[in-house]
Amino acid sequence: MNLKSAPVTILLGSVALVLLVALGWMALISPALGAIGETGDARAAAQDRADSATAELTRLRGQQANLPKTEKQADRLNAMWPATADQPAFFGQVADAASAAGISLDDLTVLSPGVPALVGVDPNAPDTAAPKPEDASVSDIAAQEVTIGAKGDYESLAKFMAALEQMPRALLVSTATYEDDGGEGPVLTVVGKTFVAPPLTPPAS
């Protein structure tokens, strides 16, 4: 084989050219393609983060739009089941109910609240049976027995009873006794319970 002949020289040159192209691909083009692939992956990850941030922003905007309604509901629940016994406010609501029924404050014969006690817990039980803070199964709601008495005619006492049921503070009526002995006039005695609940707290984010 004559290496100096034209066909052989062309063949050798072609082989050398192919080798150079292959080396160039490995040295330059292949790393560049790898970098392009990594850039594409980074771009996809960035798009995923942007989509997640957009969804979270939409959720937060929805919560913001509902915030006035949520606050109104929370205020109503706090009024129904306050975090303390708040006896002065309760007395004021009973007085307002009496005034709305046309009953004077002097005709409120009894307004006696008891001591709040945890619902479902025996107050006479030994200390070992007392609820523990970490015991999530024990109710944190306390009930307070109240007795309300009022004098007046039948119509006024009926209005007073209805007004008590419409108070902002929740009142669970156990008994309602109406007596008319013909002396001082009809007397209404209501025995029921109000409740004390833990303060409302937003859920942990």
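These exercises walk through one protein chain, from its overall layout to a single proline.

The model is predicted: local features need pLDDT of at least 70, side-chain atom pairs count only at pLDDT 80 or more, and totals for chains, interfaces and linings use all residues. Residues are numbered from 1 along each chain as its sequence is written, and side-chain values use heavy atoms, with hydrogens and water left out.

**Exercise 1. Lay out the chain.**

Task: State how many helices and strands the protein chain has, and their order.

Solution:
- Helices (H or I, at least four residues) and strands (E, at least two) are DSSP runs, numbered from the N terminus.
- The count is 3 helices and 5 strands.
- From the N terminus, the order reads α-α-β-β-β-α-β-β.
- Contact means heavy atoms within 4.5 Å. Among contacts with a separation of 6 or more, 70% join residues 24 or more positions apart.

**Exercise 2. Check helix 2.**

Task: Work out whether the span of helix 2 agrees or disagrees with its number of residues.

Solution:
- The expected span is 1.5 Å times one less than the number of residues.
- Helix 2 covers residues 87-100, which is 14 residues, so it should span 20 Å.
- Its end C-alpha atoms are 20 Å apart, which agrees.
- After helix 2 comes G102, with a positive phi near 80°.

**Exercise 3. Find what covers helix 2.**

Task: List the buried residues of helix 2, then name elements that cover them.

Solution:
- Buried means under 20% relative accessible area, exposed over 50%, and partly exposed in between (1.4 Å probe, protein chains only).
- F90, Q93, V94, A95, A97 and A98 are buried.
- Their cover includes strand 1 (108-113), strand 3 (142-151), helix 3 (154-165) and strand 5.
- Take V94: beyond four places in sequence, V94 touches L108, L111, I148, F160, L164 and M167.

**Exercise 4. Read the core.**

Task: Identify which residues touch the most other members of the largest nonpolar core.

Solution:
- A nonpolar core is a set of buried Ala, Val, Leu, Ile, Met, Phe, Trp, Tyr and Cys residues joined through side-chain atoms within 4.5 Å.
- This core has 19 residues, and V94, I103, I148, F160 and L164 touch the most other members.
- Helix 2, strand 3, helix 3 and strand 5 each give two or more residues.
- Helix 3 gives the most, with 5 residues.

**Exercise 5. Place P186.**

Task: Decide whether P186 is buried or exposed, and locate it.

Solution:
- P186 sits in the loop between strand 4 (172-179) and strand 5 (187-196).
- Its relative accessibility is 14%, so P186 counts as buried.
- Beyond four places in sequence, its contacts include A150, L157 and Y178.
- P186 and A150 are 36 residues apart along the chain, with C-alpha atoms separated by 8.5 Å.
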